Amino acid sequence: MAAETDGPLKRALVPLLLPEKCYDQIFVQWDLLHVPCLKILLSKGLGLGIVAGSLLVKLPQVFKILRAKSAEGLSLQSVMLELVALTGTMVYSITNNFPFSSWGEALFLMFQTVTICFLVLHYRGQTVKGVTFLACYALVLLLLLSPLTPPALVTLLQASNVPAVVVGRLLQAATNYQNGHTGQLSAVTVFLLFGGSLARIFTSIQETGDPLLAGTFVVSSLCNGLIAAQLLFYWNAKAPHEKKKQ
């Protein structure tokens with residue numbers, strides 16, 4: 001009977017959340033406080049949770065832009081630089097065969113960020129430029145993922161993530177400061193990104209051991225924290241056109 005129940009449980013956990021040796025350690029030997037295996041379980045669970053959450057994390061921002069029919073308060077340069085960072089993380093992780101649970105959110109966030117880039121251009125009256133941007137980005141992405149791209153270039157792209165994240169977030173922070181409000185910036189999206197980047201520090205160290213990837217998430221957490229702090233500071237501030245409506 002134990003073997004019958006052990007089968008489905010083992011298939012559900014191995015190798016998605018635990019390697020077989022850790023499954024045996026915890027569920028066969030009942031060593032429930034085995035720290036190395038618990039760290040793996042926590043990291044895998046967090047990683048998959050972040051990946052699942054990333055399916056929705058930027059949708060509040062997309063819907064807020066669509067409802068307002070405006071992208072006021074969003075820095076296009078900041079969004080573009082975030083897209084560069086996401087692309088670098090995704091391509092670097094695929095090239096190095098990192099587990100999907102350690103980077104999968106970059107894939108889904110990339111699609112949502114591309115959508116936001118297009119919407120910003122569209123609501124600025126530059127729809128043709130937006131369509132051209134989508135086509136060019138798709139071609140660049142295909143090229144980066146092809147065998148034509150040398151690994152050294154992929155590593156360089158990942159290394160450029162740190163300045164891209166810093167400059168991108170500082171541009172958004174400067175836009176918020178100059179406007180005196182955060183415009184159509186979605187609080188839900190910002191706080192989810194902040195929490196996700198914090199959790200990614202642990203999971204990237206645990207699952208990949210790559211200091212470049214972990215360092216990127218440390219910097220990303222600091223920068224996302226700055227934008228989150230501005231959202232709280234400008235919480236009751238309204239854009240000029242909203243004041244006129246009142």
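**Exercise 1. The enclosed space**

How do the residues of the lining of the largest cavity divide into nonpolar, polar and charged?

*Solution.* A word on the model before we start: it's predicted, so local features need pLDDT of at least 70 and side-chain atom pairs count only at pLDDT 80 or more, while totals for chains, interfaces and linings use all residues. Numbering runs from 1 along each chain as its sequence is written, and side-chain values use heavy atoms, with hydrogens and water left out.

Step 1: find the cavity. On a 1 Å grid over the protein atoms alone, a cavity is a set of points where a 1.4 Å probe fits but cannot get out, and lining residues have an atom within 4 Å of a point. Searching the whole structure turns up 1 cavity of 30 Å³ or more. The largest cavity holds about 210 Å³ of space, where a volume is the space filled by probe spheres set on the points, and grid points are joined across faces, edges and corners.

Step 2: list the lining. It has 15 residues, and Gln61, Glu82, Arg169, Leu185 and Leu193 are those nearest the centre. Helix 5, helix 9, helix 10 and helix 11 each give two or more residues to it.

Step 3: sort by class. The split is 7 nonpolar, 5 polar and 3 charged. Here Ala, Val, Leu, Ile, Met, Phe, Trp, Tyr, Cys and Pro count as nonpolar, Asp, Glu, Lys and Arg as charged, and the others, Gly among them, as polar.

**Exercise 2. The open space**

Work out which helix gives the most to the lining of the largest pocket.

*Solution.* Step 1: a pocket is an open set of grid points with protein on both sides within 12 Å along at least five of seven lines. The largest pocket contains about 470 Å³.

Step 2: 30 residues line this pocket, with Leu86, Leu109, Leu193, Ser197 and Ser220 nearest its centre. Two or more lining residues come from each of helix 3 (35-54), helix 5, helix 6, helix 9 (161-179), helix 10 and helix 11.

Step 3: helix 5 comes out on top, with 6 residues. Class-wise, the pocket lining has 13 nonpolar, 13 polar and 4 charged residues.

**Exercise 3. The core**

Find the helix that gives the most to the largest nonpolar core, then look at Met110.

*Solution.* Step 1: get the helices. There are 12 of them and 0 strands; helices (H or I, at least four residues) and strands (E, at least two) are DSSP runs, numbered from the N terminus.

Step 2: build the core, a set of buried Ala, Val, Leu, Ile, Met, Phe, Trp, Tyr and Cys residues joined through side-chain atoms within 4.5 Å. The largest one has 39 residues, and Leu83, Met110, Ile116, Phe133 and Tyr137 touch the most other members. Helix 6 gives the most, with 9 residues.

Step 3: skip neighbours within four places in sequence, and Met110 is in contact (heavy atoms within 4.5 Å) with Leu83, Leu86, Thr87, Met90, Tyr137 and Leu141.

**Exercise 4. Two loop residues**

Are Trp235 and Pro15 buried or exposed?

*Solution.* Step 1: set the cut-offs. Buried means under 20% relative accessible area, exposed over 50%, partly exposed in between (1.4 Å probe, protein chains only).

Step 2: Trp235, in the loop between helix 11 and helix 12 (240-245), has a relative accessible area of 52%, so it is exposed. Its C-alpha is 7.9 Å from that of His181, 54 residues away in sequence.

Step 3: Pro15 is in the loop between helix 1 (2-13) and helix 2 (20-28). Pro15 has a value of 66%, so this residue is exposed too.
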